[in-house]
Number of protein chains: 2
Amino acid sequence: MAPKHENRRKNDPQRTQEDILEVATEEFSTHGLAGGRVDAIAEKMRTSKRMIYYYFGSKEGLYLAVLERAYRKIRTLEADLELANLPPEQALRVLISTTFDHDEANPDFVRLVSIENIHHAAHMLRSEAIRDLNVSVIETIAAILERGIAEGVFTRKADPIDIHMLISAFCFFRVSNRYTFGTIFRRDLSERATMERHKTLIADAVINYLQNKVA
Amino acid sequence: MAPKHENRRKNDPQRTQEDILEVATEEFSTHGLAGGRVDAIAEKMRTSKRMIYYYFGSKEGLYLAVLERAYRKIRTLEADLELANLPPEQALRVLISTTFDHDEANPDFVRLVSIENIHHAAHMLRSEAIRDLNVSVIETIAAILERGIAEGVFTRKADPIDIHMLISAFCFFRVSNRYTFGTIFRRDLSERATMERHKTLIADAVINYLQNKVA
DNA sequence: GTCTATATTTTGATAGAC
DNA sequence: GTCTATCAAAATATAGAC
């Protein structure tokens with residue numbers, strides 16, 4: 001009997017495509033779109049370069065597929081939270097914690113977004129799948145803010161998208177700018193203690209902001 | 001008499017180098033290190049490609065020079081603020097406003113930093129000039145926080161580098177992620193009203209954070 | 001110090017057998 | 001559907017005259 005592993009990829013198109021996407025994600029997120037090499041991707045797998053063109057048509061086609069896959073992954077994550085039953089402040093803390101952990105756990109995604117911004121989001125614009133991302137997180141935040149105001153625990157009216165940006169910016173920046181920030185300030189942002197402190201910091205900052213009015 | 005413009009660059013090495021750096025800054029910040037083309041840089045100026053190699057040795061050498069120049073520019077900016085005489089809260093607001101305006105006015109710099117992070121800050125590490133950036137902004141913030149605590153206007157002790165990160169992250173993200181964020185949330189972050197609102201938001205958030213303790 | 005022309009290398013993409 | 005071998009274009013780098 002032949003060993004499972006050797007045969008597994010034989011005539012298994014879905015598996016082959018998935019393998020290509022996985023390797024390509026790492027390649028592009030490490031080197032950028034222009035810096036990523038199709039040859040390098042092919043070499044890192046058992047399959048050949050020909051298959052990349054067979055399935056994805058071109059280097060850009062592959063990059064777009066990688067990007068769509070990355071966005072698809074987070075969409076599912078956001079929807080899984082059950083926040084409606086929590087008190088507003090706690091709901092917000094859970095949401096922030098989730099965003100924080102997500103960016104921390106998915107540096108590849110963060111880097112791909114950075115790269116896409118270098119390209120003025122040109123590929124994202126071309127992709128219906130990504131453009132039509134339903135941004136449920138905004139509705140989630142909006143609901144929390146409204147409840148908070150109604151219950152009197154939040155005293156400041158705020159735009160949900162702005163609040164999302166305040167949260168995202170911090171969580172994203174910690175990962176996206178880890179290297180330059182770490183170099184300049186000689187600080188390792190992936191250290192456990194630093195991480196915990198930062199997670200509390202951003203949550204406190206958002207909550208305090210919503211609980212205060214400034215003259 | 002020959003027109004000034006035509007002769008200006010003749011045998012003016014400093015001017016030539018400066019021209020190259022200016023054009024290269026735009027090229028690299030628009031396309032990344034791998035995506036930037038030496039040919040494109042040469043074509044956008046009156047001088048030839050040969051001079052780029054003559055002065056900077058290689059494409060990477062040019063990129064490094066561009067990066068150093070970009071960092072040199074902000075260093076001077078940060079030192080010019082006179083905050084010691086202002087009340088702590090106001091001093092912080094001025095500092096935040098300055099950071100905000102700087103990133104907004106220098107998208108090229110923001111993009112170069114993003115690009116450098118894609119490359120794990122490898123070039124920055126190799127450059128003494130950048131690595132030894134004296135980070136005066138941290139001392140500035142530290143002084144403000146101490147005064148604030150002493151005067152009783154701030155009630156929370158905070159790490160100056162963390163506060164700097166909270167500020168930087170927001171200001172930087174608005175510019176670095178303008179395209180993907182704008183696409184997903186259909187919002188133009190460079191609009192005047194949005195800008196003003198965001199500038200107030202980050203300042204209020206930082207101040208509120210420093211004025212509160214959370215259970 | 002500066003230019004035009006060219007060499008060298010890399011790399012995205014394809015042909016054609018199985 | 002998959003592989004090996006190869007093409008063609010692009011892009012970095014250099015030669016050599018002035």
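So, quick definition before anything else: when I say helix or strand here, I mean a DSSP run, with at least four residues for a helix and at least two for a strand. With that in hand, take residues 14-74 of chain A: that span is 85% helix and 0% strand, and its end C-alpha atoms sit 21 Å apart. Why that stretch? UniProt, in an unreviewed entry, lists residues 14-74 of chain A as "domain: HTH tetR-type". And please keep in mind that what you're looking at is a predicted model.

Okay, zooming out to the whole of chain A. The count is 13 helices and zero strands, so to speak an alpha run from the N terminus on. If you box up its C-alpha atoms along the principal axes, you get roughly 70 × 40 × 40 Å.

Now one helix pair inside that chain, H2(A) and H5(A). Helix H5 of chain A covers residues 59-79, and its axis comes within 9 Å of the axis of H2(A), with a crossing of roughly 100°. Angles of 65 to 115 degrees count as roughly perpendicular, so that is what we call H2(A) relative to H5(A). Who's touching whom? On the H2(A) side we have Leu21(A), Ala24(A), Thr25(A), Phe28(A) and Leu33(A), and on the H5(A) side Leu62(A), Tyr63(A), Ala65(A), Val66(A), Arg69(A) and Ala70(A). By class, the contact of H2(A) with H5(A) has nine nonpolar residues, one polar and one charged.

Next up, the two protein chains. How many residues does each chain bring to the contact? It's 43 from chain A and 43 from chain B. On the chain A side, the elements giving two or more residues are helix H2 (13-35), helix H7 (107-118), helix H8 (122-126), helix H11 (160-176), helix H12 (178-185) and helix H13 (192-210). H11(A) has the largest share of that side, nine residues. Sorted by class, the chain A side comes out at 24 nonpolar, 13 polar and six charged.

And the symmetry? Chain A superposes on chain B with a rotation of 180° and 0.0 Å of shift along the axis, at an RMSD of 0.0 Å. The two copies are therefore related as by a two-fold rotation axis. Both copies use the same surface, too: 98% of the contact residues of chain A recur in chain B.

Last part, the DNA. There are 20 residues around DNA strand C, and the ones that come nearest are Val38(A), Lys59(A), Thr47(B), Ser48(B) and Arg50(B). Both chains feed into that surface: helix H3 (38-43) and helix H4 (49-56) of chain A, plus helix H2 (13-35) and helix H4 (49-56) of chain B, each supply at least two residues. Which helix gives the most to the surface near DNA strand C? That's H4(B), with four residues. The class split there is five nonpolar, five polar and ten charged.

Over on DNA strand D, we have 19 residues around it, and Thr47(A), Ser48(A), Arg50(A), Val38(B) and Lys59(B) come nearest. Here H2 and H4 of chain A, along with helix H3 (38-43) and H4 of chain B, each supply at least two residues. H4(A) gives the most to this surface, with four residues. And by class, the surface near DNA strand D has five nonpolar, five polar and nine charged residues.

That's my bit, over to you.

Conventions: Residues numbered from 1 in each chain as written. Chains lettered and ligands numbered in written order. Predicted model: local features only at pLDDT ≥ 70, side-chain atom pairs only at ≥ 80, totals over all residues. UniProt positions renumbered as here; feature names shortened; annotations may be inferred. Contact = placed C-beta atoms within 7 Å. Nonpolar A, V, L, I, M, F, W, Y, C, P; charged D, E, K, R; others polar. Least-squares fit on C-alpha atoms with pLDDT ≥ 70 in both. Near = placed C-beta within 6 Å. Axes fitted to C-alpha atoms, helices over the stretch in contact; angles between N-to-C directions. Parallel < 35°, antiparallel > 145°, perpendicular 65-115°, else oblique.
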